[in-house]
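Visitor: I'd like a close look at a single part of this one. Could you pick a strand and walk me through what sits around it?

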Amino acid sequence: DKSRDAANRMFFCMKKKLLFIMPSLAGGGTEKVLIDILQNMDFEHYDVSLFLEFGEGVYINDVPVEVEVLSFYNRHTIWHDRLFRLLRTLHLYLCFHSLIYGFLFRRLLGKRKFDVILSFMEGNALKLHSYVTDKAKKNLSWVHIDLKQKHWSLDFFRNEKEEFSTYQKMDKVVFVSEDVKRRFLELYAIQSEKCTVIYNLIDKNAIQQSAVSERIEKRKFTICMVGRLNKQKRYDRALRVTKRLKDAGYDFDLWIIGEGSLEEPLKAMSNEYGLNECVHFLGFKKPSYSYMKVADLYLNTSEAEGFSLVNCEALCLGLPVISTATSGPTELLNHSQYGLLVPEKEEDIYIGVKRMIDDANLREEYSKKGIQRAEMFNVPNTMTQIYKILG
């Protein structure tokens, strides 16, 4: 028995210790990808911890029980918003982040050491990672979006030089598509050997099974959009296009699935345009696959994307996709081979949606090709790539 216990202790010590860093587990695509990775981790060989600035979010209960969750705060409150807004107004937020968060994070981790620390997002996660790079043998960071097109992450750094130097500290920078990698390298000259591409983990079979778990009814031709209601997703474009189509005599419903800071302004915009009878804000749905499955068309009007998780999910469900031609969707849809890509101008989006509504044969063709494209999503292959860079 003693020898067995000693062997068990030795085996446990041989586990690689990992620390993932994220701001929270809110209802976004990056958070969903992280949850899918954690749920597919080999916990016999990896001892996994997850740090969150805010230990909350719609996916918090989906974290596997084997994962230790650490956080600064249990939940995000209005007092945090007020404090951060005041600090930004006084131009003190970055100083607060470096001094206070840097101290708190190191104190929270104490004397712990990790084999690998992974910041799974740009911006805040990477900044937090910068405080503890010395606590890991290997440091990795994920880039999910075209930072040259939308450089939102600079909100957490004094300038591009500081952000660049932080990426330089990483042993590997992982990009979710070749196009996102290419655009990043136009911004920062990171050594090519540090860069690798791993497509988002997409569990095609689970998506398809979940889509038939709930019966959803629709009234008429239905366009579906899914994602966080923020500026990046540009739902305002969709509402303006919807108004033009309605004015042109088209009869359809637009389902907007998600929640976020722009929910009330977008509802006000819909009301102003007289679209309340056809535009339906359905809130966050977990999962949204049953709604997507019965829709006729998936619409993405974003101004910046990585590999676009929801576009991938639509392909798995055979839902025809029309998307603005940003980095990730362009690569995913292979220049309109597997879905219709359109420029970002409102006129082009309008023409594209109108074409897809009018042409049932085109929708059927993209539905079949989308399912073919979904064959590229393979959980074991993606996890093998992840294990390889973990070392």
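Guide: Sure, and keep in mind that this is a predicted model. Let's start with a pair of facing residues: Ser49 stands opposite Glu68 in strand S3. That pairing belongs to the contact between S2 and S3 (residues 68-73), two strands that run parallel and are joined by five bridges.

Now stay on S2, which covers residues 46-54. Strand S1 (residues 16-22) also runs parallel to S2, and seven bridges join the two. For a spot to click on there, try Leu18, which stands opposite Val48 in S2. To see how the chain gets from S1 to S2, follow helix H2 (residues 29-39): S1, H2 and S2 make a right-handed β-α-β unit.

So how enclosed is S2? Eight of its nine residues are buried, so S2 is largely enclosed by the rest of the structure. Buried here means under 20% relative accessible area.

For contrast, hop over to Leu90, in the loop between helix H3 (78-89) and helix H4 (93-109). Leu90 has a relative accessible area of 47%, so it counts as partly exposed. Together with Leu86 and Leu92, Leu90 forms a nonpolar patch on the surface, and the three have about 270 Å² of accessible area together.

If you want another parallel pairing to set beside those of S2, look at S9 (residues 253-257) and S10 (residues 279-283), which pair over four bridges. The chain crosses from S9 to S10 through helix H10 (residues 263-272), and this β-α-β crossover is right-handed. In that pairing, Ile257 has Gly283 in S10 as its bridge partner.

Notes
Residues are numbered from 1 along each chain as its sequence is written. This is a predicted model: local features need pLDDT of at least 70, side-chain atom pairs count only at pLDDT 80 or more; totals for chains, interfaces and linings use all residues. Side-chain values use heavy atoms; hydrogens and water are left out. Two strands pair if DSSP finds at least two bridges between them. A crossover is right-handed if, with the strands pointing away from the viewer, the path from the first strand over the helix to the second runs clockwise. Buried means under 20% relative accessible area, exposed over 50%, partly exposed in between (1.4 Å probe, protein chains only). Patches are made of residues with over 30% relative accessible area and no salt bridge: like charges are joined within 9 Å, nonpolar side chains (Val, Leu, Ile, Met, Phe, Trp, Tyr) within 5 Å. Accessible areas come from the Shrake-Rupley method with a 1.4 Å probe; for residues, only the protein chains shown count as cover. A salt bridge is a side-chain nitrogen of Lys or Arg within 4 Å of a carboxyl oxygen of Asp or Glu.
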